[in-house]
Amino acid sequence: MGNWVGVVTNAGNTLLSNWLSGTTLTVVSAQAGTGTADSTVLLVQTALANAKQTISITSYQIVDGGMKLRMQITAPETGYTLQQIGVFAQLDGGSEALLALFQNESGITIPSAASSSDFAYTFYGFIAIDNTGLLSVTIDSSVFVTADALATETAAREEADIDLQSNIDLKGNALTATKNIWVATTGSDDTGDGSSENPYATISRAVAVAPKNLNGYDYNIYIAAGTYTDSFACRGFHGGSIMLRGCGDGGVVLNGSFEISSGTSLWLTSNLSLTVNPTAVVVAVVYAVWYSNFFVDGGASLTINGTYNGTKCNAIVFETCSRGVAWGTVTVNNAGAAILATNASIVRIATLAGAGNDTDLYSYGAFLTYSSLSTTGTVNSKLLKQAGGVLCSDNESTPSVIEGIYTGTGLYGADSPNSLILITPDTGVNTPSAGSAIGICVSGIMASVINPGTGAWVWDIDGTTISWYSSVGAAQQSNTAGVTYRYRAVL
């Protein structure tokens, strides 16, 4: 049968980069065909080499780290050799694009309906994506299930299970050295190659071509001065950092928003002066979520104007155990919350300036510190903390942050609570209290947030121990058997 290989295409990467919270990615159809493309150009394909039939997507499942699709090919009128399978998607009802392309050089014989009327070939594809937006899959409910398909469903499926890493690099799935990419308003996403002589036109394109595994190296994006209408998402990068750097004189204006998620580290550095203006009413103009890191170093500055069409957006949101540090000046004007830290995130802001925000610094079950606050015209509260949140200046006594992992047992309920011993009596640091908060993640995705008094949890503090349980199930208690959970406690 040969081996299947697969890529998320450049068009698919563009969809995923723009798939922000509040938008819907819809997997609409799949096709099967014959013919192949050279492995060096799979990424740029926008259609199958020779499509033969539309095939059925019979089910899908959201699993740790991505989406698993089950597709079924039935016998067509005329048989052919199956060599490619394409998955098509659209964002918020827009144009359909080839999201992923699977290829088998050897091919599989698909017989005609006349010769084998009950033939069915089942194909499974796992696509590693980040589900921060809404996901929809169009399912063909008319497909019959054959005995072979049912057997395949329960078999090991070594050949058909394709582990597709988004932005796969066909020369190797990781950086082998520091990578420099250039972006300029004079560049082109279509004909550019990201070099200084032939730059891309958008930051989103520069992000989309990066391999997920940075392998200990930095991925530098040099941005020339000018105004860019662009929104981008840095999702699932690991082993290094995405570095946004200034290039030449003048500031960079971004009309859009951006997101950092699933363990990615994003830096603003090298004298980058970035101003961000939202082009829609968004949850956050800058959104760091799922154990991600966002840094503004001392050589950079960030200004966010937080209002779009009269509606105030939250400017910078850290959610689900993300980290943020701003050594450089951050200025936020006319936002809902200038800085919002939630769900056991850890954030330090050196200097926050700006005017007209509803709230300047807001800690909701998180750990937020600052050095200098020079905002004016704040509508409601300069400082706001809720749900066990910590909010203090660097000169104040600060609470403790404790991190660790545990493995789920599959048990749940009042007789089988989860229990974490967070502090030993002789450590001399803070002990759990009613002002504590815990964030729990699995595979970088938030599983739960535990704050005292939340209705979904029975919460108990006993000296140095915090315990909790749910009567609904092990998953709801963050205790699924064999699953590794990361936790962060702010005490």
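These legends go with close-up views of a predicted model.

**View 1. Phe258 meets Phe294 edge-to-face.** Let's start with one of the eight aromatic pairs in the structure. The ring centres of Phe258 and Phe294 are 5.9 Å apart, with 65° between their planes, and the pair is edge-to-face. That label fits because planes over 60 degrees apart count as edge-to-face. Phe258 belongs to strand β14 (residues 258-261) and Phe294 to strand β18 (residues 293-296), so this pair ties together parts that are 36 residues apart in sequence. Both Phe258 and Phe294 are buried. Look for Phe232 as well: Phe232, Phe258 and Phe294 make up one aromatic cluster.

**View 2. Trp267 and Phe295 form a tilted pair.** Here the ring centres of Trp267 and Phe295 lie 4.4 Å apart and the planes stand at 35°, so the pair is tilted. Trp267 sits in strand β15 (residues 265-269) and Phe295 in strand β18, so the two rings tie together parts that are 28 residues apart in sequence. Are these two residues buried or exposed? Trp267 is partly exposed, with a relative accessible area of 22%, while Phe295 has 13% relative accessibility and counts as buried. The labels follow because buried means under 20% relative accessible area.

**View 3. Lys212 lies over the face of Phe237.** Lys212 is placed over the ring face of Phe237, 4.3 Å from the ring centre. Follow the chain around Lys212 and you will find the loop between α3 (203-208) and β11 (218-229). Lys212 counts as buried, at 13% relative accessibility. What lies 2.4 Å from a polar atom of the Lys212 side chain? The backbone oxygen of Arg235 does.

**View 4. Asn309 has a positive phi.** Most residues other than glycine have a negative phi. Asn309 is not a glycine, yet its phi is positive, near 50°. You can find Asn309 in the loop between β20 (307-308) and β21 (311-312). With 65% relative accessibility, Asn309 counts as exposed.

**View 5. Asn334 also has a positive phi.** In this last view, the phi of Asn334 is near 55°, again a positive value in a residue other than glycine. Where does Asn334 lie? Asn334 is in the loop between β23 (323-333) and β24 (337-342). The relative accessible area of Asn334 is 37%, and this residue is partly exposed.

How values were computed
Residues numbered from 1 in each chain as written. Predicted model: local features only at pLDDT ≥ 70, side-chain atom pairs only at ≥ 80, totals over all residues. Heavy atoms only, no water. Phe/Tyr/Trp six-rings, centres within 6.5 Å; stacked < 30°, edge-to-face > 60°. Helix = DSSP H or I, 4+ residues; strand = E, 2+ residues; numbered from the N terminus. Buried < 20%, exposed > 50% of the residue type's maximum accessible area, 1.4 Å probe, protein only. Lys NZ or Arg CZ within 6 Å of the ring centre and 35° of its normal. Polar contact = N/O pair within 3.5 Å; in protein donor to acceptor, adjacent residues only side chain to side chain.
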